[in-house]
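Open the model in your viewer and keep the sequence panel beside it. Each stop below tells you what to select and what you will find there.

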Amino acid sequence: SLRIELGGLQTAVDDRAQRRVVDLRTLDRLRQSWSFDLDHTRQAGAPDLVVASVEATLAAINATRAQLEQRNARLLVLQDVLSRSIESSDEAAARLQEARHRALTLVFARQGPPIWSIGPASTAPDGLPGRQARLSDEAALRIDSLRIYLQAYQRGSVLTLLLAFLVTLVLYRARWRVAHHSAEGIELSPSVAYVLRAPLAAALLVTILASRPLRPDPPLALAQLLVLITFPAAAVLLARLMDPRFVRSLYALALLLVVETARGLVLATPELEQVVLILEMCAAAALLFRVAAVLPAATGVFAERSPWLRRAVRALFRVVALAAAGGAVAAALGYLELADLVGGGGLDLIFVAIGLLGIRIAAGGVLVLALAHTPLARLRTVERHGAAVERGIGRALDVMVAVFWVFTALQLFELLDPAAAALRSLLDARLQVGALDLSLGRVVGVAGVGIVAWLVSRIVVFALEEDVYARLDLPRGVPYALSSLTRYGILLVGFFLALGALGLDLTHVTVLVSAFGLGIGFGLQQIINNFVSGLILLFERPIQIGDSIQLGALVGEVARIGIRSSTVRTFEGAEVIVPNASLLEEKVTNWTLSDRKRRVDLDIGVAYRTDAARVIALFVDVARHVPNVLSDPEPTAFFVGFGDSSLDFQVRVWTTQTAWMRLRSDLGVALQHALDGAGIEVPFPQRDLHVRSVPS
C-alpha cells in the first residue's frame with residue numbers, strides 16, 4: 001500500500017517538475033527577447049518611460065525565474081527523497097516476501113516435541129520473564145501500529161464513527177415507528193424485520209461494510225479488532241433467524257474466536273500454547289460435526305433456502321471439522337504451524353462466512369428499508385416493482401459475499417498467488433488458426449463487455465420507461481423511439497468496446513468494413529434497407545406502437561417496431577412479421593395516426609310507412625347512451641335511400657376504443673331494442689308478384 005502511494009506521489013512530482021522545466025525554458029526565451037528589446041530601445045534613444053518599462057518587465061522575468069528555480073530545487077530534493085523511500089519500501093517488501101516464503105517452508109517442520117514427551121520441567125528457553133517481555137513488546141507494537149494508522153486516516157476514522165451513529169439512529173427510529181404504528185397493519189419486508197430485531201448489531205455490520213473504502217489496507221491489530229466486532233454482531237443478528245439448537249453452537253464458535261485471537265498472545269509458554277491449540281481444535285471438530293449432523297432437520301428462516309445450499313453448508317462444516325481434527329493431531333505431534341494453517345484456517349473460514357452472512361442480511365435489510373422509507377419510495381420503479389428490486393439487491397449482495405469469501409479462503413491458505421498465476425496462464429491460452437490469433441482472456445473480455453452492455457441497456461431503458469417518461473408530457477410514440485435509440489446506442493458502444501477488448505488492429509477493422517461494404521453491395525441490401533427504414537419509422541413516427549393499420553389485406557395493431565422488422569397483431573390473434581421497408585414503401589392505412597378516434601357505421605332498414613324523422617331522432621338518442629360512444633363528434637343518423645323492402649338509414653358514431661367491433665355490436669343491440677320498444681318493424685325482404693292471365 002505504501003509503495004503504491006509513493007509511486008503515485010512520484011508520478012505527480014515528476015509531472016510537476018517537468019512543467020517547471022518547461023516554464024524555465026519559456027522564461028529563458030522571454031528573457032532573451034526582452035534583453036534584445038532593452039538593447040534596441042537604448043540604442044534607438046527611446047524615451048526613459050519606455051526603457052523603464054522594459055527594464056521592469058525584464059526584472060520581473062528574472063525574479064519569477066529565481067522563484068521557479070527555488071521550486072525546482074525543492075522538487076529535485078523531493079524526487080530524491082521519494083526515490084530513496086521507494087527503494088526502501090521495495091527492499092522491505094522483498095524481505096517480507098522472503099520471510100513469507102520461509103514461513104511457508106516451516107509449515108511441514110516440527111516446532112516442538114510431541115505432547116506426550118513434554119515433561120513437567122519444560123519451560124521456555126528464556127524463561128517466563130523473557131516471554132512476558134516479548135508479549136509486552138508485541139502488544140505495544142500492535143497498539144502503536146493501530147495508533148499510527150488511525151492518525152494517518154483520521155478523517156476516515158471520524159467519518160466511520162459518524163456513519164455508525166447515523167445508521168444506529170435511523171434503525172432505532174424506524175424500530176420505534178414500527179412499534180408505535182403496529183396497530184395500523186403495516187407490513188414489513190422480512191429482511192427489514194430481521195434488521196429491526198437487532199438494530200445495534202445491524203448498524204455495526206453495515207458500518208463495517210460501508211466504511212471499507214475509508215480504511216485501506218488496515219494493520220493486523222485493526223483487522224483482528226474488526227473481526228472481534230463483526231462476529232458477535234453477526235451472531236446476535238443470526239441468533240434470531242436460526243434454529244434454536246444452533247444458537248448455543250453459534251455462541252460456542254464466538255468463544256473459539258476469542259481463544260483463536262488470544263492464543264499465542266497471552267499464553268506464557270509454548271507448551272501451554274500447544275495444549276490450548278489441541279483443545280481448541282478438538283472442541284472445534286466436535287462442535288462442527290454436531291452442527292453438520294443436526295443441519296438436515298433444522299427449522300427456521302435458513303431452512304427455507306434451497307436444498308443445494310443446505311448440502312453445501314453441511315459439506316463445508318464437515319470439511320472444516322475434518323481439518324480441525326487433523327489440526328489437533330498435527331499439534332499433538334508438534335507440528336504447530338501445520339495445525340494452525342489447516343485447523344485455524346478452516347475455523348477462520350467459518351468465522352468469515354458467519355460474519356459475511358450477518359453483513360449480507362444487515363445490508364440487504366437497510367437497503368430495502370431505505371427504498372421503502374426515503375424519497376426513493378416515490379419512484380415508480382420502487383412502487384410498482386419493489387419485490388423485483390429487492391430480489392435484485394439480494395442477488396447482487398449474494399455475489400459480492402461469495403466472491404469475497406472465496407478471495408479470503410485463497411488468502412488464508414496462501415493460494416491466492418498460485419490461483420492468480422493459474423488464472424493468468426489460462427487467460428493467456430491462445431487459439432491460432434492461420435492469421436487468426438486469439439487469447440482466451442480476450443474472448444472472455446468480449447463476452448463480459450457484451451453482457452454488461454446488454455444489462456446496462458435493459459436497466460437504463462427500464463428506468464426511462466418507469467420514472468422519466470411518466471413525468472414528462474411527450475407525444476405518443478416518442479418514449480418508444482427514445483428507448484429504442486438508447487438501447488441501440490448503448491449496444492453500439494458495447495460493440496466498439498468489445499472490439500477494443502478483442503484487440504483488433506486497424507488492418508483487421510479495415511478488412512471488416514470492406515467486407516461489410518461488399519456484403520451490402522451484393523447480399524445485404526434488403527437488410528440495410530429494412531434497418532434504415534426502422535430508424536425512419538422511429539424518427540418520423542408515421543406508425544407507432546398500438547396503431548391500428550391496414551396494409552393490403554392485413555389489418556391489425558402494431559405490437560413492435562424492431563431494428564429489421566415490425567410485428568403486427570391481427571384481430572384474430574395472429575402475429576405477422578412485416579419488413580420495415582414495406583411499411584414505408586407500400587400504401588398503409590393508419591386508423592390512429594393523429595388520434596385514437598375512429599368512426600363506426602351501422603346500416604339498418606325499417607318498414608315503409610314509418611316516419612323517417614322519428615326514426616332518425618330515435619337512432620341519435622339511442623346512440624348517445626351507448627357506452628364508449630364519443631359526444632364530440634356527436635352521433636348522427638341519415639336517411640340514405642329507398643330500398644327494395646325498407647327505408648334505409650345509416651348510424652355514425654365515433655369512439656377511441658380499439659375494439660370497435662364490440663362497440664358496433666353493442667350499438668346494433670341497443671338499436672334493435674329501441675325499435676322493438678317503439679313498435680317499428682324491421683322488414684324481411686319482400687317482392688310484389690303480379691299474376692296476369694294469358695288467353696289460350
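Select Asp-144 first. This is a predicted model, and Asp-144 sits in helix H3, which covers residues 127-152. Is Asp-144 buried or exposed? Neither label fits: its relative accessibility is 31%, so Asp-144 counts as partly exposed. The cut-offs are under 20% for buried and over 50% for exposed.

Now add Ala-221 to the selection. Asp-144 and Ala-221 are 77 residues apart along the chain. Their C-alpha atoms are separated by 9.5 Å.

Ala-221 leads to the next stop. Select helix H6, residues 199-210, together with helix H7, residues 220-239. The two pack at an angle of about 135°, and their axes lie 9 Å apart. H6 and H7 are therefore oblique to each other; an angle has to be over 145 degrees to count as roughly antiparallel. Their crossing is left-handed.

Show the side chains at this contact. From H6, pick Ala-201, Leu-204, Leu-205 and Ile-208. They meet Leu-226, Ile-229, Thr-230, Ala-233, Ala-234, Val-236 and Leu-237 of H7. By class, the contact holds 10 nonpolar residues, 1 polar and no charged.

Move on to helix H8, residues 244-262. Its 19 residues reach 28 Å from the first C-alpha to the last. That is close to the 27 Å expected at 1.5 Å a residue.

Which residues of H8 are buried? Select Phe-246, Val-247, Ser-249, Leu-250, Leu-253, Ala-254, Leu-256, Leu-257 and Glu-260. Then look at what covers them: H7, helix H9 (270-294) and helix H11 (336-372) are included in that cover.

Keep H9 and H11 on screen and hide H8. H9 and H11 pack at an angle of about 35°, with 11 Å between their axes. This crossing, too, is left-handed.

Display the residues where H9 and H11 touch. On the H9 side, choose Gln-274, Leu-277, Glu-280, Met-281, Ala-284 and Leu-288. On the H11 side, choose Leu-336, Ala-339, Gly-343, Gly-344 and Leu-347. The tally for this contact is 7 nonpolar, 3 polar and 1 charged.

Finish by zooming out to the whole chain. Colour by secondary structure: there are 20 helices and 10 strands. Colour by burial next: of the 696 residues, 31% are buried. Last, consider contacts with a separation of 6 or more. Residues 24 or more positions apart account for 71% of these.

Key:
Residues numbered from 1 in each chain as written. Predicted model: local features only at pLDDT ≥ 70, side-chain atom pairs only at ≥ 80, totals over all residues. Heavy atoms only, no water. Axes fitted to C-alpha atoms, helices over the stretch in contact; angles between N-to-C directions. Helix = DSSP H or I, 4+ residues; strand = E, 2+ residues; numbered from the N terminus. Parallel < 35°, antiparallel > 145°, perpendicular 65-115°, else oblique. Left-handed = near helix turned anticlockwise from the far one by under 90°. Contact = heavy atoms within 4.5 Å. Nonpolar A, V, L, I, M, F, W, Y, C, P; charged D, E, K, R; others polar. Expected span 1.5 Å × (residues − 1). Buried < 20%, exposed > 50% of the residue type's maximum accessible area, 1.4 Å probe, protein only.
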